[in-house]
Structure formats: structure tokens, C-alpha cells
Amino acid sequence: MHTDRRNWLKQVTLLATALGTEPLLFANGLPHPPPADKRILLNSNENPYGPSPLAQKAILDYYLRSNRYPDDMLTSLKKKLATHWSVNEENILLGAGSSEIIGLALIAAGTKFRKQLLAADPAYSVWQNQASALGYDAVKIPLNKDRKYDLDEMLARTKYIPATFIYICNPNNPTGTYVDPDAIRRFTETISKDSYIFIDEAYTEYADLPSLASLAISHPNIIVAKTFSKVYGLAGARIGYAMAHPSTIKKLASFQPWPDGSVSTVGAAAAIASLDDMDFVKDCKKKNEDIKDSCYKTFKEIGLDYIPSSANFILFNIGKIKKDLTREMQARNIYVQYRDHFGGKWCRVSMGTEEEMLEFTKALKEIAA
Ligand SMILES: Cc1ncc(COP(=O)(O)O)c(C=O)c1O
């Protein structure tokens, strides 16, 4: 066993003995992380099973290197990602989650005095405050009747008001729907090269969608963003990245004080290891699909409309429920997101573990009764 890890295990054991508790161990001998808290968190689309066993091991192997800057690890992570996506290292920029990448892209695109951001409604919009602080006017195009991106309408809109920044989330959060990546490819061909097109691929792995990385690296106005926060189960480690043309990567990097340097040694080690743990990804996806199926069954049983999702969350309609669903859920220690969409009341629930979802469906039945 690695000496650093042996020391660490010794420390954990000593601490546990001092506290009069036994450390819980995984079958592979690694300490079981204590639960962050006892809440059932179904509100941020995290992976309830992660980090993967290989990523956990990497975290333990590398945490004692935290006294050193992560340069070598950042280079290794970029190499690993370049191989993974068949791109070059100069096509990649690392950030503290894809949130940082969205922010950098907004800054890079926002050098004009008047700027318009084109997005969909509803879609992921955590960037909203930053966009408005940077002086963007956000225009949101409603999803079409299939609750999917209306690319024709978005294109029509750019004909009379050119967009500075177009945000496309595919699969879309919060609906879990997606458009064919080839449709996005065709869309990008019709858009002025002066517009930045940002393609957020946070959930493509769940949907088995191909990445549009190859498109991005050959078009300086297109950026693909990916994250380790979802299927790789590393939301707390904060690792995301952009894939784009080298000139675009350079531009994005110029807005980071230390290009790539927002990722820690431990985070980079975990990310590298998780790319080697495709069995874990496969397993998480399978569990996610099974759990979504059993959720759909419950929604049908109760008579609630829902949008079939290709991601790790489901948006379901709660217009029929008289009680305050989010408050009632919280009273039971369950956290979900209330959403006002399509002129009605909806709830977005992330897929937790089987046990968590049993609690959720039990609570939902009680609240809806
Ligand atoms: C569509 C989408 N993009 C980006 C993010 C941000 O992820 P992170 O900053 O953790 O990489 C999220 C998180 O929920 C998301 O749903």
C-alpha cells in the first residue's frame, strides 16, 4: 500500500479511536466518507454514487501533495483529456467547474458595448447574474412543443438582432430533453461567425450523445464545455473544461489569472483516475436509468405529468398538488427544486440512490394524497 495512504489510514483510525468510533471501511479497505449531512439532496443533479473507486484512491494518493502547485497534474489532466476526446492539448482549458468556463466565455464574448445573449426558456441559467453584470441583454426563446430547443426560432431571432453569445444546453437542464447534435451542427453553420456559440455538454454522457468537440476545435466562435461534476461524481472537486479552437482557448485563458490553474492537485488526480473508470460510469448510468423508470411509474400512478428525461433528473408537473411540495419535502429532509415553467408549477428532482428515491416517492405519494 502507498505509504502516504497508510499514514492517512493510521490517522483516520487514531482519530476514530479517540472519538470512540470505528472508521467505516469500503470493501477495498478505503475509509467510507462520512455523509456530508443527513439530507436527501435531490436538487443539484449530482451523482449520488461518486466519486468512483479509482478517483477515491487517487484523492487519497495525492492529497499529501497539496503543499505543491499542481502544474504537473494539470499537464497530465490536459494530456488525458486530449487523448480521451482526440483533440490537442491546446484545444483544452481547465476551470473550476464548467461554471467558470461559462463565465470566461461570457467575458471573452462581451467586449462589445451592446451585447445580446440568446438562450432558451427554460434552460440552465446560473450565468444570468454575471451576464447582466457584464451588460448583456438576455433574450430567451421558449422551448418548442416537444420541450426541446427551438433552433429555427433562435436562428430567426438572430436575423434581426445579432446575438453576441448563444447558449445551448444539450441535454437541456431542467427538461432533460435534447436536440440531435447534427441539428446543432447545422444551426452553427447558419449563425454569423461574430457570435459565440456556447454548447454546454454537462449531461451528454447520461444521454449517450456524441460531443461536438470536433466542431468546436475547428471553429473559433464555438466553445464546448464539459464537467466532472455530473456522471463522474466530482461536483465538490470543481473541475470543468472548455474545448475550442486554440485561438479561442488562448482568449478564454487570458481572463484567468493562472490559465488552467483553478484546478487543484487532488481534483486533477481524481479527474484523471475517473476517466479510467468507465465501469463506474456505466454502472451509474444503468442505475440512473432504472431509477428514472421507477420514478416515471410513480408519477403515472399518482397522475402527474412529467417530461421523459435523458439526463439524471426529471421535471414533473405539480399543478395538481394542493400542498406546498418543496416545503413538505423539506420537512421530510428531502430537497428538490420548485420551478415555474410553461405557465405552470413544476418540480425538478435529481436521481438519488435507490434508498433515497424510495423516500422521495413515499413522500410524494403522501403529499399528493
Ligand atoms: C447544464 C449545466 N451546466 C453547467 C453546470 C455547472 O456545473 P459545474 O460548475 O459543477 O461544472 C451545471 C450544474 O448543475 C449544469 O446543470
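A residue is taken to be near the ligand if its C-beta atom, placed from the backbone, lies within 6 Å of it. By that yardstick, 14 residues sit around the ligand in this predicted model, and Gly 97, Ser 98, Ser 99, Thr 227 and Ser 229 come nearest. Helix α4, covering residues 97-109, supplies the largest share of this shell, with three residues. Sorted by class, the shell has nine polar residues, four nonpolar ones and one charged one.

Stepping back to the chain as a whole, there are 369 residues, of which 41% are buried. The secondary structure comes to 14 helices and 13 strands. Of the contacts with a separation of 6 or more, 73% link residues that are 24 or more positions apart. As for confidence, the mean pLDDT of the chain is 92, and 90% of the residues reach 70 or more. One stretch to treat with care is residues 14-23, where pLDDT stays under 50 and the model has six contacts beyond four places in sequence. Where pLDDT is low, the predicted coordinates should not be read in detail.

Among the helices, α12 is a handy one to follow by eye. Its 25 residues, 278-302, should span 36 Å at 1.5 Å a residue, and the C-alpha atoms at its ends are indeed 36 Å apart, so the two figures agree. Buried positions in α12 are Phe 280, Cys 284, Asn 288, Ile 291, Lys 292 and Cys 295. What do the buried residues of α12 pack against? Their partners are the helices α2 (53-62), α8 (204-207) and α14 (354-368), together with strand β10 (313-317). Right after α12 comes Gly 303, with a positive phi near 85°.

One of those packing partners, α2, is itself well covered. Seven of its 10 residues are buried, so α2 is largely enclosed by the rest of the structure. The buried residues of α2 are Ala 55, Gln 56, Lys 57, Ala 58, Ile 59, Leu 60 and Tyr 62.

Strand β10, another partner of α12, belongs to an open sheet of four strands. The strand order in this sheet is β9-β10-β13-β12, and the pairing is antiparallel. Because β9 (306-307) and β12 (337-341) stand at the edges with a single partner strand each, one side of each is left without a neighbour in the sheet. β9 is joined to β10 by two bridges, and Tyr 306 has Phe 316 of β10 as its bridge partner.

Parallel pairing turns up elsewhere. Strands of a sheet pair through backbone hydrogen bonds, either parallel or antiparallel. Strand β3 (residues 115-121) runs parallel to β4 (residues 136-142), with seven bridges between them. One of the pairings matches Leu 118 with Val 139 in β4. β3 is also mostly covered, with five of its seven residues buried.

Finally, Gln 130 shows how parts of the chain that are apart in sequence meet. This residue lies in helix α5, residues 128-133. Is Gln 130 buried, partly exposed or exposed? It has 15 C-beta neighbours inside 10 Å, so Gln 130 counts as partly exposed, given that a buried residue needs 20 or more and an exposed one has 12 or fewer. Leaving aside residues up to four places away in sequence, Gln 130 touches Gly 103 and Leu 106. Gly 103 is 27 residues away from Gln 130 along the chain, yet their C-alpha atoms are separated by 7.1 Å.

Definitions and conventions: Residues are numbered from 1 along each chain as its sequence is written. This is a predicted model: local features need pLDDT of at least 70, side-chain atom pairs count only at pLDDT 80 or more; totals for chains, interfaces and linings use all residues. The expected span of a helix is 1.5 Å times one less than its number of residues. Two residues are in contact if their C-beta atoms, placed from the backbone, lie within 7 Å. pLDDT is the predictor's confidence in each residue, from 0 to 100. Ala, Val, Leu, Ile, Met, Phe, Trp, Tyr, Cys and Pro count as nonpolar, Asp, Glu, Lys and Arg as charged, and the others, Gly among them, as polar. Two strands pair if DSSP finds at least two bridges between them.
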